[in-house]
Amino acid sequence: FNKNYYGMLDQRIASRGTRFAGAYYSTFTGYINRMRGYHSQKEKLEGYLEGKLESYFYTSKDRRDEISTYSSLLGPLWGREFPTAWRDIDHD
């Protein structure tokens, strides 16, 4: 297995876990949370209607749970993912 793919493999594996904790301003963490959001909608996991995820940040307690609850877009945007990216995107 080519070691250049280790990061992508880590993201795929982490996106399928029941819980996830990542770094606050990390684009690596952001993409994992986006994939977790896609999975929550497709599989109708608990809290999917509210855009909730079992994801947390390694940061101060006041920011730790920010990704686990629904919120509108807040800056900076480059290191974050928000439920608007995965909610209600597949309409038949």
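**Entry 1: strand pairing**

I looked up the partner of A21 and found that A21 stands opposite Y56 in β2. G22 stands opposite F57 in β2. The model is predicted, so I note its limits here: local features need pLDDT of at least 70 and side-chain atom pairs count only at pLDDT 80 or more, whereas totals for chains, interfaces and linings use all residues. Residues are numbered from 1 along each chain as its sequence is written, and side-chain values use heavy atoms, with hydrogens and water left out.

I then looked up the pairing as a whole. Strand β1 (residues 20–23) and strand β2 (residues 55–58) run in the parallel sense and are joined over four bridges. For pairing I used the criterion that DSSP finds at least two bridges between two strands. Helices (H or I, at least four residues) and strands (E, at least two) are DSSP runs, numbered from the N terminus.

**Entry 2: chain layout**

I recorded two helices and two strands in the chain, in the pattern α-β-α-β along the sequence. Together, β1, helix α2 (residues 27–42) and β2 form a β-α-β unit, which is right-handed. Right-handed here describes a crossover whose path from the first strand over the helix to the second runs clockwise, with the strands pointing away from the viewer.

Of the 92 residues in the chain, 35% are buried. I took buried as under 20% relative accessible area, exposed as over 50% and partly exposed as in between (1.4 Å probe, protein chains only). Among contacts in the chain with a separation of 6 or more, 46% are between residues 24 or more positions apart; contact means heavy atoms within 4.5 Å.

**Entry 3: faces of β2**

Which side chains of β2 are buried? I found that S55 and F57 are, and that they point to one face, while Y56 and Y58 point to the other and are not buried.

**Entry 4: the buried side of α1**

I listed the buried residues of α1 as Q11, A14 and S15. They lie on the same side of α1, because they cover an arc of only 100° around the axis. That arc is taken from the directions from the helix axis to the C-beta atoms. An α-helix has 3.6 residues a turn, so residues three or four places apart point the same way. The cover over the buried residues of α1 includes β1 and α2.

I examined S15, which is in helix α1, in detail. S15 is buried, at 3% relative accessibility. Beyond its neighbours within four places in sequence, S15 is in contact with I32, M35, R36 and H39. The S15 side chain also makes a polar contact with the side chain of H39, at 3.4 Å. A polar contact is a pair of N or O atoms within 3.5 Å; within protein, one must be able to donate a hydrogen and the other to accept it, and residues adjacent in sequence count only if both atoms are side-chain atoms.

**Entry 5: S40**

I next looked up S40, which is found in helix α2. S40 is buried, with 4% relative accessibility. Not counting residues up to four places away in sequence, S40 touches L45, Y48, L53 and W86.

**Entry 6: salt bridges**

How many salt bridges does a search of the whole structure find? I recorded two, where a salt bridge is a side-chain nitrogen of Lys or Arg within 4 Å of a carboxyl oxygen of Asp or Glu. Side chains of opposite charge can pair when their charged atoms come close.

R16 forms a salt bridge with E43, with the closest N and O atoms 2.8 Å apart. This pair links distant parts of the chain, 27 residues apart: R16 is in the loop between α1 (6–15) and β1, and E43 in the loop between α2 and β2. R16 is partly exposed, with a relative accessible area of 46%, and E43 is partly exposed, at 38%.

R19 forms a salt bridge with E54, with the closest N and O atoms 3.4 Å apart. R19 lies in the loop between α1 and β1 and E54 in the loop between α2 and β2, so the pair ties together parts 35 residues apart in sequence. R19 is exposed, with a relative accessible area of 58%, whereas E54 is partly exposed, at 36%.

**Entry 7: K44**

I closed with the backbone of K44, whose place is in the loop between α2 and β2. Phi of K44 is near 50°, a positive value in a residue other than glycine. K44 is exposed, at 54% relative accessibility.
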